[in-house]
Each structure stands twice: as structure tokens, then as C-alpha cells.
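Hi everyone, thanks for making time for this. I'd like to walk you through a structure that may be new to you, so please have a look at it as I talk.

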Amino acid sequence: MREELVNKYHYPPLLSYLEALPSSYQINQATIINNLSADGSLFQSSAATAAAYIAAGNPATLSYLHNLVRACRHGVPSIYPIDEDCIKLYMVNQLQRLGLSDHFHDEIAVLSKDIYSNTIDDGIMMWPRLQEWIKREILVTWMARMDHLDHRKWIEANQDSPLWLGKASYYRISCLNNIDLLRLAKENFEYRQMVYKKELTELIRWSKDWGLMDMGFAREKTTYCYFAIASSASFPYESDVRLIVAKSAVLITIVDDFFDTKGSLDELQTIAKAVQRWDNKGLTSHSKILFDILDNFVGELAKTYHDQHQIDITTSLRNLWYEAIDSWLIEATWRKTGHIPSMSSYLEIGKISVAAHVMVLQASYFLTPTFYPHNINPSQYEAITKLLMKSCRLLNDIQGYEFV
């Protein structure tokens with residue numbers, strides 16, 4: 001069995017000193033093999049690994065020892081020196097993985113600069129052992145990362161099995177096993193959870209008040225939209241900004257579904273014209289409800305921005321939404337008439353209809369520094385906005401593509 005690490009000093013398991021144990025100390029082969037690392041070592045100790053091979057004769061253990069001998073031509077050390085830059089790197093990683101990087105910007109910048117400088121000066125940087133981390137990291141693609149959930153996993157991992165870089169005469173990296181740091185990470189996580197729950201409650205209330213959760217034809221994506229936004233947005237941003245993006249996502253989903261599945265071509269043309277002139281005259285049923293919700297949402301955003309900056313962005317916001325709705329109308333017309341557009345036409349309209357820029361640009365008004373109205377005029381989009389629109393359209397199409 002593997003002994004537990006004891007008390008705050010994190011003494012290593014007795015098995016890590018296998019080479020020094022008396023012959024009367026009986027350890028069966030299965031126990032040794034079960035404690036081997038993926039590289040075949042026993043606690044990354046050359047002496048303990050050699051003893052493990054003598055006792056169990058595991059081929060992976062022998063391979064590890066052969067690799068050590070080849071790497072250390074002048075003799076394998078019994079105690080591994082731990083590179084100072086690696087300690088700094090682990091510290092930065094620890095802060096980021098625990099979700100505390102927002103509180104230590106300056107410290108992380110200094111450590112990162114030191115690591116980079118030393119890497120340039122030395123030409124190479126020693127890395128005690130990152131293979132398992134690398135394997136774990138590449139299992140989850142960057143696009144599927146959710147920092148807040150990663151923080152929880154890292155907190156739990158540090159709570160159950162503190163990271164230990166080999167057997168080095170009780171040498172420990174205190175920053176990795178710091179109880180206060182772990183407590184701060186837990187409190188920080190719980191605080192974020194409280195904020196997220198409060199925001200989700202507000203979003204659900206807003207959706208219910210406007211009847212968005214009972215439209216009948218649309219996907220009910222209120223919680224999904226919030227989860228996607230909150231998990232990918234940096235926490236320092238205000239709750240108002242996250243809610244703007246989440247409400248935009250909910251509206252985009254429902255209006256897009258109306259154009260895809262519910263409305264006739266005449267109804268879709270009518271609502272598109274109403275949005276163009278921004279007047280609900282002539283609208284009925286779902287068309288009127290959707291327009292009124294959109295009108296209220298845009299009006300609230302414009303009022304908030306005007307109160308803060310004394311600038312009226314109403315027209316800019318309306319034009320942004322009309323551009324998206326007009327693209328949905330064009331796609332609906334293609335679909336209902338059987339028209340097959342050219343690839344260039346499809347991408348030109350598709351990058352607008354995915355509506356990622358609608359969510360991002362509206363929220364950008366309320367960040368610091370703020371956007372100004374001319375930045376979101378369709379004819380004057382920045383290059384980064386255009387790339388966002390194209391990449392989101394292509395990613396969306398890849399997810400829904402089917403071979404025929």
C-alpha cells in the first residue's frame with residue numbers, strides 16, 4: 001500500500017526510500033509496481049528505482065534506469081537539484097491553475113520575465129518532470145477549456161495529493177504546498193460561484209418575464225448561454241458585461257430559430273423591415289413579442305451608456321441588430337426558395353449570421369477602455385472583428401457539417 005503524506009510537512013511515503021529499508025521490511029512486487037510512475041520510476045528517485053528493479057524486475061523500471069545512465073554520463077545523482085527557474089514556473093502555474101492569477105498580476109509578470117530572461121541567457125531551461133502534465137493537457141483541446149472548472153479540479157488535486165518534485169532530502173517547494181494559498185483559492189472559487197449563481201438567477205428571471213422560455217418554437221438555451229459566456233469570460237469584467245453578452249446570446253438563439261423554423265417568408269420580411277425602420281407597426285404574435293424584447297434590450301443598453309458617457313449609441317446598436325436580422329432573412333430566403341449561393345456569398349452572409357460580433361461589440365461598449373460608436377459600424381469593422389466573425393462561422397459549420 002502507499003502510505004499517506006502526513007501533517008503539514010508532507011513527509012514522503014516510506015516506499016520512496018526502498019533502497020534504504022532493511023531486508024526485514026517486506027514489500028510485495030505488486031505494491032512496488034502499483035506505485036511506479038508512468039516513466040517507470042519509483043518517485044523519480046534513481047536509488048529507489050534501482051532497488052525497485054532488483055525487487056520486482058519490471059522492464060519499464062530498467063528502461064528508466066538505462067535512460068538515466070545515458071543522460072548522466074558522469075554518474076547518476078542520488079539527489080536531483082531542482083532548477084530555480086522551474087520553481088518559479090511552478091509557482092506561476094500554481095497561481096493560474098488555482099484561479100488566483102487575477103490577484104497576482106505584478107508578481108506573475110516579474111516571475112515570467114525572470115524565467116524568459118534566464119531561458120534566453122542559458123539557451124536551455126531544465127524542466128524536474130512535466131510529461132504527465134503535458135499528456136493531461138493535450139487530452140482537452142484549448143477550445144473546450146473552461147477555466148473556472150479547471151480551477152476547481154486543480155484545487156481538489158492539490159487538496160488530495162500535493163505536488164512533490166522527487167525525493168530530495170525532504171526538500172519541498174513551499175509555495176506548492178501552501179495551506180494559506182489553497183484556502184485563498186477555495187474562497188476565491190466560492191466567491192465566483194456566488195456571483196455566477198446570482199447572475200444566472202437574474203438571466204432566468206429576465207427570460208421568464210419576457211416569455212422567452214415559453215416561445216414554443218425556439219430552443220430553450222438560457223442556462224446554456226449563460227454557462228458558455230461565464231466559463232469563457234474573464235472574471236474581472238463586471239456582471240453587467242457578462243449579462244449583456246448572455247442576454248444577447250439568448251435573443252440571437254430565439255430570433256435565429258424564428259427565422260429558421262417558425263416564420264413564413266412574408267412574416268420574416270415584415271419583421272426585418274420593422275427592425276430596419278425600428279417600429280413595431282404591423283407586427284403581430286411572435287414577431288411583435290420578439291421586436292418588443294429587442295427594443296427594450298437595446299434601449300436599456302443605450303440609456304446605460306448615455307448615462308455613463310453622454311453619448312447616444314442607439315442608432316449604432318439598432319444597425320448592428322438589423323445587419324444580423326437581414327442576414328438571417330437572406331439565408332431563410334435561400335432555404336425556402338431552394339437557392340444555392342456561391343461559396344463567397346455564403347461566407348459573406350454567414351460571417352454576419354453567426355452573430356458573434358453582435359454579442360462582443362455590444363459588450364465592448366461597457367469595458368475599459370470603452371469602444372466608441374464608429375467602431376461598430378458594419379462598413380468600418382476592425383480587422384480583428386472580421387476575423388472573429390469568419391472564425392466563428394467556420395467553427396460553427398464544422399460542428400454541424402455532415403458527409404452526404
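Before anything else, a word on what I'll call a helix: helices here are DSSP runs of H or I with at least four residues, numbered from the N terminus. Please also keep in mind that this is a predicted model.

With that in hand, let's go to helix α16, which covers residues 383-400 and holds both Arg393 and Asp397, 4 residues apart, about one turn of the helix. Their side chains meet in a salt bridge, at 2.8 Å from N to O. Is Arg393 buried or exposed? Arg393 counts as buried because its relative accessibility is 8%, and the cut-off for buried is under 20%. Its partner Asp397, at 22%, counts as partly exposed.

The structure holds 11 salt bridges, so let me show you some others. In helix α12, Lys303 and Asp307 pair up at 3.0 Å, N to O. They are 4 residues apart in that helix, which means about one helical turn separates them. Why does that spacing suit a pair? An α-helix has 3.6 residues a turn, so residues three or four places apart point the same way. Side chains of opposite charge can then pair when their charged atoms come close. Here Lys303 counts as exposed, with 55% relative accessibility, while Asp307 is partly exposed at 47%.

Helix α7, residues 147-160, has a pair as well: Glu156 and Arg152 sit 4 residues apart, again about one helical turn. Their salt bridge spans 3.1 Å, N to O. Glu156 is partly exposed at 36%, and Arg152 is partly exposed at 44%. There is also a network of salt bridges, which links Glu202, Arg205 and Asp209.

Now let's turn to α8. This helix has 31 residues and reaches 45 Å from its first C-alpha to its last, close to the 45 Å expected at 1.5 Å a residue. Its buried residues include Leu181, Ala185, Phe189, Arg192, Glu199 and Trp206. Just after α8 comes Gly211, which takes a positive phi of about 75°.

Next, the inside. The largest nonpolar core has 58 residues, and among those with the most contacts inside it are Leu212, Leu251, Leu290 and Trp328. Helices that each supply at least two residues of this core include α8, α9, α12 and α15. Which helix gives the largest share? That is α10, with 13 residues. Apart from this core lies another, of 13 residues, among them Leu98, Ile155, Ala185 and Phe189.

Let me zoom in on Leu290, which is found in helix α12. Leu290 counts as buried because its relative accessibility is just 2%. Leaving aside neighbours within four places in sequence, Leu290 is in contact with Met215, Phe217, Ile254, Val255, Phe258 and Ile271. Leu290 and Leu251 are 39 residues apart in sequence, and their C-alphas are 8.3 Å apart in space.

Last stop, the surface. Met343, Leu347 and Leu394 form a nonpolar patch there, with about 290 Å² of accessible area together. Leu347 lies in helix α14, residues 343-353, and counts as partly exposed because its relative accessibility is 33%.

That's my tour, and I'm happy to go back to any part of it.

Terms used: Residues numbered from 1 in each chain as written. Predicted model: local features only at pLDDT ≥ 70, side-chain atom pairs only at ≥ 80, totals over all residues. Heavy atoms only, no water. Patch = residues over 30% accessible without salt bridge, like charges linked within 9 Å, V, L, I, M, F, W, Y side chains within 5 Å. Areas by Shrake-Rupley, 256 points an atom, 1.4 Å probe, with all protein chains shown as cover. Salt bridge = Lys/Arg side-chain N within 4 Å of Asp/Glu carboxyl O. Buried < 20%, exposed > 50% of the residue type's maximum accessible area, 1.4 Å probe, protein only. Core = buried A, V, L, I, M, F, W, Y, C linked by side-chain atoms within 4.5 Å. Contact = heavy atoms within 4.5 Å. Expected span 1.5 Å × (residues − 1).
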